[in-house]
Amino acid sequence: MSYNFAYLDEQTKRMIRRAILKGVAIPGYQVPFASREMPMPYGWGTGGVQVSAACLTPDDVFKVIDQGADDTTNAVSIRRFFEKTAGVAVTEKTAEATVIQTRHRIPETPLCADQILVYQVPIPEPLRFLEPRETETRKMHGLEEYGLMHVKLYEDIARHGEIATAYAYPVKVEDRYVMDPSPIPKFDNPKLESPALQLFGAGREQRIYALPPFTKVASLDFEDYPFDPSKAAHPCALCGAEDSYLDEVIVDDAGGRMFVCSDTDYCASRRDTGEAA
Amino acid sequence: MYVAVKGGERAIDAAHEWLADERRGATDVAELSIPQIREQLRLAVNRVMAEGSLYDPDLAALAIKQARGDMIEAIFLIRAYRTTLPRFGVSAPIDTGAMRCDRRISATFKDLPGGQILGPTFDYTHRLLDFALMAEEGAGATPAVAEAAGAARAAGGAEATALPHVAEYLDREGLLQPEPEDNTPPRDLTREPLDFPADRPLKLQALARGDEGFVLSMAYSTQRGYARNHPFVGELRIGRVAVSMDIPELGFAIDLGEITVSECETVNQFTGSKTEPPKFTRGYGLVFGQSERKAISMALVDRALRWEELGEDDVGAPAQDAEFVLSHSDNVQATGFLEHIKLPHYVDFQSELELIRRLRAEAMMASTGPQEAAE
């Protein structure tokens with residue numbers, strides 16, 4: 001049995017593209033879409049996979065990362081899925097890819113205008129853990145009623161002395177919608193303002209949203225407690241990069257650890273070009 | 001020396017091979033055939049068809065075999081297959097009044113036209129292990145047993161003619177809340193995003209494909225007082241109904257085939273309101289195959305979800321909360337999201353780790369002075 005190009009039938013892709021276009025037209029707004037059951041489980045990137053399927057053309061070069069790495073098992077699985085169902089070329093090089101599907105990271109190499117970054121999103125609603133009801137949160141977005149979020153951030157500061165959100169740090173898009181950037185570390189938040197088109201797909205929650213190129217994206221903060229995209233205060237132990245997000249790796253029984261780039265392509269290319277310290 | 005975690009592709013291939021080997025089990029035991037599963041594990045097949053929302057006993061049996069008996073995995077396989085199927089039309093509503101019943105019982109009337117038909121039920125079996133079934137072959141399949149079953153089938157449901165719905169008798173007396181007639185085509189949960197407020201057809205759709213365990217527990221919670229609605233099984237019927245479809249080119253409807261369904265209609269107490277005298281109300285459940293636990297559960301939850309429509313109080317019970325019930329009833333969604341926490345979360349965990357270390361360092365600095373906090 002053979003499947004259509006990129007698995008989904010054309011009608012379904014069209015439905016998804018319409019949702020994407022609506023998302024692009026209203027940056028940061030969560031567009032409901034009739035998410036399909038995919039042959040991988042919900043929560044494993046079905047939203048991203050559907051968005052990628054709707055965007056891919058036979059000429060595209062596809063890259064998949066999970067936690068910044070191309071060789072994590074689920075990234076391998078998704079890349080294989082599209083190699084098999086779309087026959088597209090794949091790459092691990094950020095600069096060579098035209099469509100990049102990601103989970104939890106934005107590549108370190110700056111993206112450019114002819115690239116699409118597709119995010120896998122588990123819970124698209126930034127207000128969900130403040131208000132569990134979808135009927136309520138949609139109303140709050142409609143009325144631009146974000147007081148609850150500001151109170152939460154304020155309470156963080158009152159309790160911990162800083163905003164205690166380290167990933168999935170909420171942003172405000174074009175001064176209108178508060179948006180969940182997916183569980184990327186807040187270190188990546190400044191990269192959300194990009195020349196590339198960024199699309200967010202939440203399969204189980206049936207939502208698509210988008211950041212068109214050069215959209216204004218502000219991480220929520222207070223004047224006296226400005227946003228701080230912190231990271232581990234180390235250079236990468238392999239390539240020496242000071243500017244990349246680092247994974248902490250336990251290397252021996254005594255709990256010895258080292259810090260290495262989470263973006264494997266960035267790290268490898270720095271080492272290849274001899275930039276390693 | 002740290003070696004980057006490589007080899008994901010090889011690990012996946014090896015895992016798949018191992019899985020295939022485990023699925024087959026010991027090779028000195030004969031392999032299960034699809035007809036064996038279809039015929040002898042029929043209730044499992046029914047559940048996969050019901051929650052997979054696809055009526056195909058052979059494919060459901062295949063899914064059970066491939067999933068090694070993991071029901072939710074089998075349901076998932078069927079769903080993922082179903083979503084690729086083209087839709088070439090919509091059948092006419094099935095007529096359960098014309099059902100050829102294998103089983104039909106009412107808990108509200110001792111006897112009624114058509115009678116009570118017990119059918120193939122576990123209800124009055126003693127749950128004692130039947131060690132005779134452990135014998136390799138032949139158990140239960142003696143000619144005498146087969147003959148007796150055949151006679152029961154002939155005397156009971158199989159050849160029985162259409163039986164009236166029990167509810168009709170109450171309806172005639174005006175004791176039952178009338179159901180509004182509505183011929184709007186129902187929304188399709190599998191083709192449109194779930195949207196609230198959900199109307200009753202959408203709720204019933206979600207319940208019909210919802211996880212049996214979840215729907216059962218929700219129903220049970222209403223029986224234990226969380227939005228109690230005093231249900232009686234007005235009627236439970238299981239049997240075969242024809243599926244027909246209007247063919248525009250022909251200008252008339254033709255029967256496409258027959259499916260087995262379980263239908264449950266509950267009769268529930270209703271105290272009436274200031275404007276209305278007391279009446280009975282109903283809950284409704286309809287499920288593919290013989291799945292009566294699910295059908296009854298569905299009817300109870302359906303009834304609990306109707307509180308608003310019937311002017312009852314919201315007592316804050318989970319089973320009354322349509323958004324809660326509908327958002328969490330789907331086991332394929334639930335399983336996927338639950339199990340995704342097995343996937344790597346190094347990046348988010350790392351950011352939390354740094355945050356916690358920083359907060360602790362600051363807290364120690366504040367409480368014990370800078371020397372100790374500096375480690």
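Start by selecting chain A of this predicted model and consider its contacts between residues at least 6 apart in sequence: 61% of these join residues at least 24 apart. With chain A still selected, a cartoon view brings up six helices and twelve strands. The radius of gyration of this chain is 19 Å, close to the 19 Å that the globule rule gives for 277 residues, so chain A is as compact as a globular protein of that length. Taken along the principal axes, its C-alpha atoms fill a box of roughly 60 × 55 × 35 Å, and 49% of its 277 residues count as buried.

**The core of chain A**

Next, select A:Ile20, A:Leu56, A:Val118, A:Leu199 and A:Ile208, which are the residues that touch the most other members of the largest nonpolar core, a set of 59 residues. Centre the view on A:Ile208 and, leaving aside neighbours within four places in sequence, look for its contacts, among them A:Ala19, A:Ile20, A:Val31, A:Phe33, A:Val51 and A:Leu199. Two glycines, A:Gly23 and A:Gly201, are also in contact with A:Ile208. A second, separate core of 49 residues includes B:Ala61, B:Leu204, B:Leu207 and B:Val233, and B:Ala61 will come up again further on.

**Strands of chain A**

Now select residues 61–66 of chain A, which form strand E2; this strand is mostly covered, with five of its six residues buried. Add residues 89–90, strand E3 of chain A, and you will find the two strands running parallel and joined by two bridges, with A:Ala89 as the bridge partner of A:Val61.

From there, move to an open sheet of three strands in chain A, whose order is E7-E6-E10 and whose pairing is antiparallel. Strand E7 (177–179) and strand E10 (217–219) are its edge strands, each of them pairing on one side only. On average, and with direction ignored, neighbouring strands of this sheet are turned by 30 degrees against each other. Select residues 171–173, strand E6, to follow the three bridges that join this strand to E10(A); one pair to display here is A:Lys172 with its bridge partner A:Ala218.

Continue along the chain into the loop between E10 and strand E11 (246–250) of chain A, where A:Ala237 is placed. Is A:Ala237 buried or exposed? It lies between the two classes, being partly exposed, because 19 other C-beta atoms lie within 10 Å, whereas a buried residue needs 20 or more. Not counting residues up to four places away in sequence, A:Ala237 touches A:Met258, A:Phe259 and A:Val260. A distance drawn from the C-alpha atom of A:Ala237 to that of A:Cys267, 30 residues apart along the chain, comes to 9.9 Å.

**Crossing to chain B**

Which elements should be selected to see the side of chain B that touches chain A? In all, 38 residues of chain B are in contact with 46 residues of chain A, and the elements giving two or more residues to that side of chain B are helix H1 (8–24), helix H5 (71–82), helix H12 (331–339) and helix H13 (346–368). The largest share, eleven residues, comes from H13(B). Coloured by class, this side of chain B shows 18 nonpolar, eight polar and twelve charged residues.

Staying in chain B, select residues 57–66, helix H4, which is mostly covered, with seven of its ten residues buried. These buried residues include B:Pro57, B:Leu59, B:Leu62 and B:Ile64, and B:Ala61, already met in the second core, is another of them. Among the elements that cover the buried residues of H4(B) are helix H2 (34–40), helix H3 (42–52) and H5 of chain B. Just after H4(B), B:Arg68 takes a positive phi of about 60 degrees.

**The sheet of chain B**

Finish with the open sheet of four strands in chain B, which has the order E1-E2-E3-E4 and antiparallel pairing. Strands E1 (100–105) and E4 (281–288) stand at the edges with a single partner strand each, so one side of each is left without a neighbour in the sheet. Neighbouring strands here are turned by 25 degrees against each other on average, direction ignored. Five bridges join E1(B) to strand E2 (residues 231–247), and B:Arg104 stands opposite B:Arg237 in E2(B). Last, select residues 292–305, helix H10 of chain B, which packs on the sheet and touches E2, strand E3 (252–268) and E4; the direction of H10(B) makes about 145 degrees with that of E4(B).

Definitions and conventions
Residues are numbered from 1 along each chain as its sequence is written. Chains are lettered from A and ligands numbered from 1 in the order in which they are written. This is a predicted model: local features need pLDDT of at least 70, side-chain atom pairs count only at pLDDT 80 or more; totals for chains, interfaces and linings use all residues. Two residues are in contact if their C-beta atoms, placed from the backbone, lie within 7 Å. Ala, Val, Leu, Ile, Met, Phe, Trp, Tyr, Cys and Pro count as nonpolar, Asp, Glu, Lys and Arg as charged, and the others, Gly among them, as polar. Two strands pair if DSSP finds at least two bridges between them. Axes are lines fitted to C-alpha atoms, for helices over the stretch in contact, and angles run from 0 to 180 degrees between N-to-C directions. The radius of gyration is taken over C-alpha atoms; the globule rule is 2.2 Å times the number of residues to the power 0.38. A residue is buried if 20 or more other C-beta atoms lie within 10 Å of its own, exposed if 12 or fewer, and partly exposed in between; C-beta atoms are placed from the backbone. A nonpolar core is a set of buried Ala, Val, Leu, Ile, Met, Phe, Trp, Tyr and Cys residues joined through C-beta atoms within 7 Å.
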